Amino acid sequence: ITANVHKEDLGNAFKKVNEVINKITLPKGSKILMRGQPELLQQTLSSLQFGLLITIVVIFLLMTVFFQSFRIAAITLSVVPAVIAGSLILLFITGQTMNIQSYMGTIMAIGVSIANAVLFITNAEQFRREGNIINAHFKAAESRLRPILMTSFAMIAGMIPMAIGFGESGDQTAPLGIAVIGGLIFSTIGVLFFLPHVYHWGIGKRKYASASMDPADMNSKNFNEQ
């Protein structure tokens, strides 16, 4: 018997079929095995979930090495929930599902959002290095406002045709564009309005401490450790 899914995504159809199978009382020694696209879809989604987790861990380690601080690395990753929430909300509003394309779009949005967060935090650290500790987060958000908005708007504008679904098989790639747009909208708001407060809460009024081990590094003089 062969059939196709009509007006419903493959994931939900696979879930409903499993629910029906679980209610069936099979004869002793018999079992039902699912084969075909549902099995491949489940394996691919599991791999993407694992890949997303590995991406976050690797980014955290890279930020730790770059800033020489676990605290600042964790603050940088605080934009990730905003990306995931934005992608899921816009997918829900547009009636799309969390599939392979939307997973890829979410990962892409996380990459751009982390770049914006690094742009902000690097500037905030520069202000702290210059001694402006109290208002470093506000000054960094103000000075990096234009670059962050330009980066996000350029990416969103590039994804609009894909999200609309122009061309052949446009409906299949639309979730990718929608996930990127939703993630970037929420993350841009988070980087500009919420990340400064998270940064100030995490760093507080600590004086800047250079991570350099060079004794000739003038930036490390007369500063306390974080």
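**Fold, core and largest pocket of the predicted model**

About 14,000 Å² of the protein chain is exposed, with carbon and sulfur atoms supplying 63% of it (Shrake-Rupley method, 1.4 Å probe). The model is predicted, so that local features need pLDDT of at least 70 and side-chain atom pairs count only at pLDDT 80 or more, whereas totals for chains, interfaces and linings use all residues. Residues are numbered from 1 along each chain as its sequence is written, and side-chain values use heavy atoms, with hydrogens and water left out.

The protein chain holds eight helices and zero strands (DSSP runs of H or I, at least four residues, and of E, at least two). Of its 226 residues, 36% are buried (under 20% relative accessible area, 1.4 Å probe, protein chains only). Among contacts (heavy atoms within 4.5 Å) with a separation of 6 or more, 70% join residues 24 or more positions apart.

The largest nonpolar core (buried Ala, Val, Leu, Ile, Met, Phe, Trp, Tyr and Cys residues joined through side-chain atoms within 4.5 Å) has 40 residues, of which Ile110, Ile114, Phe120, Ile121, Leu195 and Tyr199 touch the most other members. Helix α8 gives the largest share of this core, eleven residues. Beyond its neighbours within four places in sequence, Leu195 contacts Ile75, Ser78, Val79, Ala117, Phe120 and Gly190.

The largest pocket (an open set of points on a 1 Å grid over the protein atoms alone where a 1.4 Å probe fits, with protein on both sides within 12 Å along at least five of seven lines) contains about 780 Å³ of space, the volume being that filled by probe spheres set on the points. Its lining comprises 23 residues (an atom within 4 Å of a point), and Asp9, Leu10, Leu41, Thr97 and Asn99 are the closest to the pocket centre. Helix α2 supplies the largest share of the lining, six residues.

Terms used:
Buried < 20%, exposed > 50% of the residue type's maximum accessible area, 1.4 Å probe, protein only.
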